[in-house]
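User: I am new to reading protein structures, and I would like to learn how to go through one feature at a time. Could you guide me?

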Amino acid sequence: MKRVLFALIFCTTLATLPACQADETVRAYGGAEKIWLLQEIDGAAFPARATLSFPDKGKLAGTAPCNRYFGTMNVPYPWFDASQIGATKMACPDLAAENLFFAALAEMTLSEVLGDTLLLSDDKGREMVFKAE
């Protein structure tokens with residue numbers, strides 16, 4: 001009986017440890033409470049409206065040109081990894097811009113918050129520039 005009780009307490013404690021850890025993602029380094037509006041991808045002005053926000057620890061969300069999206073982001077700053085992206089499935093005339101946005105977002109591996117500017121980049125030289133709304 002003692003072993004079962006010990007195992008139950010031990011497993012419960014392990015399950016709650018991640019919830020106690022501090023937020024070390026881009027959200028904690030200036031990304032919280034801001035909605036980031038995409039300005040450009042790879043030096044070219046983005047032709048539609050797309051946003052990015054970090055509403056809760058380990059979460060990202062926003063609006064792409066046609067759809068709302070959400071996902072997870074659990075890597076420590078300055079790393080960036082938008083994963084498990086889900087989105088609504090509405091069609092609109094800006095689907096090409098939306099595909100460009102999601103493809104670029106999936107490739108970004110680094111983040112840098114500079115006041116009201118958020119830079120996302122990868123090791124191939126790709127870059128996304130966002131401004132706080």
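Analyst: We will take a few features in turn, with the general idea first and then the case here. Please keep in mind that this is a predicted model.

User: Let me begin with the core. Which residues have the most contacts inside the largest nonpolar core?

Analyst: A nonpolar core is a set of buried residues of certain kinds, joined through side-chain atoms within 4.5 Å. In this model the largest such core has 26 residues, and those with the most contacts inside it are Leu52, Phe80, Phe101 and Met128. Strand S1 (35-41), helix H2, strand S8 (117-121) and strand S9 (127-132) each supply at least two residues of the core, and the largest share, five residues, comes from H2.

User: What is phenylalanine 101 in contact with, apart from its neighbours within four places in sequence?

Analyst: With those neighbours left aside, phenylalanine 101 is in contact with a list of residues that includes Leu38, Ile41, Phe46, Tyr69, Met128 and Phe130.

User: Now to charged side chains. How many salt bridges are there, and which parts of the chain does the pair of lysine 34 and aspartate 116 tie together?

Analyst: Side chains of opposite charge can pair when their charged atoms come close. The count here comes to four salt bridges. In one of them, lysine 34 pairs with aspartate 116, and the closest N and O atoms are 3.5 Å apart. Lysine 34 lies in the loop between helix H1 (2-20) and S1, while aspartate 116 lies in the loop between strand S7 (110-114) and S8, so the pair ties together parts that are 82 residues apart in sequence. Lysine 34 is partly exposed at 24% relative accessibility, and aspartate 116 is partly exposed as well, at 48%.

User: Where do glutamate 133 and arginine 49 lie?

Analyst: The side chains of these two residues, glutamate 133 and arginine 49, meet in a salt bridge at 2.8 Å, N to O. Glutamate 133 is in the segment after S9 and arginine 49 is in the loop between strand S2 (44-45) and strand S3 (51-53), so this pair ties together parts that are 84 residues apart in sequence. Glutamate 133 counts as exposed, with 53% relative accessibility, whereas arginine 49 counts as partly exposed, with 44%.

User: Which residues are joined into one network by salt bridges that share partners?

Analyst: It helps to start from one pair: arginine 126 forms a salt bridge with glutamate 107, their closest N and O atoms being 3.1 Å apart. Arginine 126 is in the loop between S8 and S9 and glutamate 107 is in helix H2, 19 residues apart. Salt bridges with shared partners then join Asp42, Glu107 and Arg126 into one network.

User: Is glutamate 98 buried or exposed, and which side chain of opposite charge is nearest?

Analyst: Glutamate 98, which is in helix H2 (residues 95-107), is buried yet has no salt bridge, and the nearest side chain of opposite charge, lysine 89, is 7.6 Å away. Because a salt bridge needs the nitrogen and the carboxyl oxygen within 4 Å, that distance of 7.6 Å does not qualify. The side chain of glutamate 98 does, however, make a polar contact with the side chain of asparagine 67, at 2.8 Å.

User: Finally, which cysteines form a disulfide?

Analyst: Cysteine 66 and cysteine 92 do, with their sulfur atoms 1.8 Å apart. The pair links distant parts of the chain, 26 residues apart, since cysteine 66 is in the loop between strand S4 (59-63) and strand S5 (68-72) and cysteine 92 is in the loop between strand S6 (83-87) and H2. Cysteine 66 is buried at 11% relative accessible area, whereas cysteine 92 is partly exposed at 25%.

Methods:
Residues numbered from 1 in each chain as written. Predicted model: local features only at pLDDT ≥ 70, side-chain atom pairs only at ≥ 80, totals over all residues. Heavy atoms only, no water. Helix = DSSP H or I, 4+ residues; strand = E, 2+ residues; numbered from the N terminus. Buried < 20%, exposed > 50% of the residue type's maximum accessible area, 1.4 Å probe, protein only. Lys, Arg positive; Asp, Glu negative; His and termini not counted. Polar contact = N/O pair within 3.5 Å; in protein donor to acceptor, adjacent residues only side chain to side chain. Contact = heavy atoms within 4.5 Å. Disulfide = S-S within 2.5 Å.
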